[in-house]
Structure formats: C-alpha cells, structure tokens
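These are my notebook entries on a structure that I am opening for the first time. I wanted to look up its aromatic rings, its cysteines and its pockets, in that order.

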Amino acid sequence: MKRSRINQIMAAADEMIRHHGFALPPFAHWSPDEFRARRDVAGRVIEGRCGWDITDYGQGRFDELGLFLFTLRNGQLADLQRGGGMCYAEKLLISRQDQLSPMHTHALKAEDIINRGGATLVVELFGSDEAGNFAPDRGGLVRCDGIDRPYEPGEKLRLAPGESVTLMPGDWHAFWGEGGDVLIGEVSTVNDDLTDNIFREPIGRFAEIEEDEAPTHLLVSDYDRWLLA
C-alpha cells in the first residue's frame with residue numbers, strides 16, 4: 001500500500017470514529033517525531049502494539065480485501081498465562097461495505113465482536129476439526145448478546161448496531177460490511193497479531209508499504225523500524 005493511501009484511510013477512519021461518538025487516545029495523534037521523542041515513556045504502547053493498523057493482507061486490494069484497526073489497549077501474555085493481571089485487549093475496527101476480512105481463527109484469543117454503529121456487520125462462521133483446522137462441514141456454538149446459540153457451517157450472522165457475537169478459539173470467521181461501512185468494537189483476551197492469526201488461505205497479516213510520502217502517524221508495523229532500531 002502507498003503511504004499516501006494509508007494517511008487518507010487514517011483521516012477518514014478518525015472522522016468516522018468521531019461521528020459515532022468515540023475519540024481516540026492522545027497517542028493516536030502523535031506525529032512520528034513526537035512518538036520518537038516520547039518512546040521512553042510509551043514503552044507499554046509500543047510493547048503492546050497499540051495504535052494504528054491498516055492492512056490489505058499483502059494482496060494490494062484494500063477496498064476488496066482489507067481492514068482498518070486501532071488497538072486501544074492490550075495486556076500481557078505473561079499475565080494471561082498466570083491467570084491474573086491485565087489479561088484483556090480492546091480495539092476499534094472499520095469494515096467497509098463488501099470489504100472482506102478473510103476466514104481465520106485464533107489459537108488463544110477469545111473475542112467479542114460488536115457492531116458499534118453504521119451498517120450491518122456480516123460474520124460468516126465455520127467450526128474446527130479435532131486438531132483445530134478449518135472444517136467446512138462443522139458448525140459450533142456462539143454467544144450473541146449473552147444468548148448461546150448453535151451455528152451451521154457457513155452460516156452468516158447479521159449484526160445490527162448494538163449487537164455482538166462472542167467467538168472462541170476454533171471458531172473460524174470472516175466478516176464484512178453489508179449496506180455500508182461498519183464501526184466495530186473488539187473486546188478480547190490479550191491480542192497477539194504476530195502469531196495468533198491463523199488464516200484459512202496463506203496470506204499476510206500486514207501490508208507492505210510504499211513510502212511515497214511521509215507518514216501522518218505511525219502504524220504498529222512501523223514501530224520496529226522507526227522506534228526500536
């Protein structure tokens with residue numbers, strides 16, 4: 001993706017988030033130079049990979065296959081493993097109309113996916129086999145707004161604003177906006193985007209960046225090069 005395109009997506013996402021009554025934390029608005037100047041006090045932001053995240057899954061077709069994310073807070077795997085401390089994470093996502101987030105699951109993360117506003121969020125579901133692999137002939141059980149319900153393989157949940165689904169490890173899912181763009185909330189256990197996204201098809205998690213202009217704000221995938229080098 002071109003950096004200029006990423007800058008445009010950031011600006012549009014910030015506008016949509018504000019339109020729905022949310023505001024991003026102060027570090028969201030730091031310039032790259034401000035982030036560098038504050039990196040010593042922003043260790044938990046950097047370590048938790050909190051911040052801007054825009055992906056086309058390495059395929060170069062963001063409008064068809066892509067996702068906007070902003071990680072607001074993220075705990076530590078060590079706390080999750082010992083069963084105490086900051087064991088949770090929270091994100092805001094934007095899924096555009098007919099923009100696919102491809103079929104995937106997580107080995108560790110359980111997550112609530114919440115339609116925070118906009119159009120309808122479609123979530124397509126499949127179950128796993130005994131080894132956790134994608135199973136096209138298996139369904140499962142999910143919780144929708146506190147109510148447990150079974151799902152058939154390939155069933156498509158349609159979530160209106162305010163509605164949610166709880167997905168457990170082994171629930172294979174893809175999602176997109178239907179009828180317009182959707183602001184999504186994600187509340188989960190500790191999030192690890194480097195190792196805990198298991199895609200049905202071989203695909204990249206992060207975009208490759210073409211630096212055609214300076215970044216407005218850093219992506220989480222920029223931190224290693226811009227802040228830790």
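I began with Phe-27, which is buried because its relative accessible area is 13%, where buried means under 20%, exposed over 50% and partly exposed in between, with a 1.4 Å probe and protein chains only. Trp-30 counts as buried too, at 13% relative accessibility.

Before going further I noted that this is a predicted model, in which local features need pLDDT of at least 70 and side-chain atom pairs count only at pLDDT 80 or more, while totals for chains, interfaces and linings use all residues. I also noted that residues are numbered from 1 along each chain as its sequence is written, and that side-chain values use heavy atoms, with hydrogens and water left out.

Next I looked up the aromatic pairs, and the structure holds nine; rings of Phe, Tyr and Trp (its six-membered ring) pair if their centres lie within 6.5 Å, and planes under 30 degrees apart count as stacked, over 60 as edge-to-face and the rest as tilted. The ring centres of Phe-27 and Trp-30 are 6.5 Å apart and their planes stand at 70 degrees, so I entered this pair as edge-to-face. Trp-30 also pairs edge-to-face with Phe-35, at 5.1 Å centre to centre and 85 degrees between the planes; Phe-35, like Trp-30, is buried. I found these three residues in one aromatic cluster that also includes Trp-52, Phe-68, Phe-70 and Tyr-223.

Then I turned to the cysteines. I found zero disulfides, a disulfide being a pair of cysteine sulfur atoms within 2.5 Å. Why does Cys-50 have no bond to Cys-87? The sulfur of Cys-50 lies 15 Å from that of Cys-87, which holds the closest cysteine sulfur, and this is too far for a bond. Cys-50 is itself buried, with a relative accessible area of 5%.

Last, I looked up the largest pocket, a pocket being an open set of points on a 1 Å grid over the protein atoms alone, with protein on both sides within 12 Å along at least five of seven lines, and lining residues having an atom within 4 Å of a point. The largest pocket is lined by 21 residues, and Glu-47, Asn-74, Val-190, Asn-191 and Asp-192 lie nearest its centre. I recorded its volume as about 320 Å³, a volume being the space filled by probe spheres set on the points, which are joined across faces, edges and corners.

Key: 1 Å grid on protein atoms, 1.4 Å probe; cavity = no way out; pocket = protein on both sides within 12 Å on 5 of 7 lines; lining within 4 Å.
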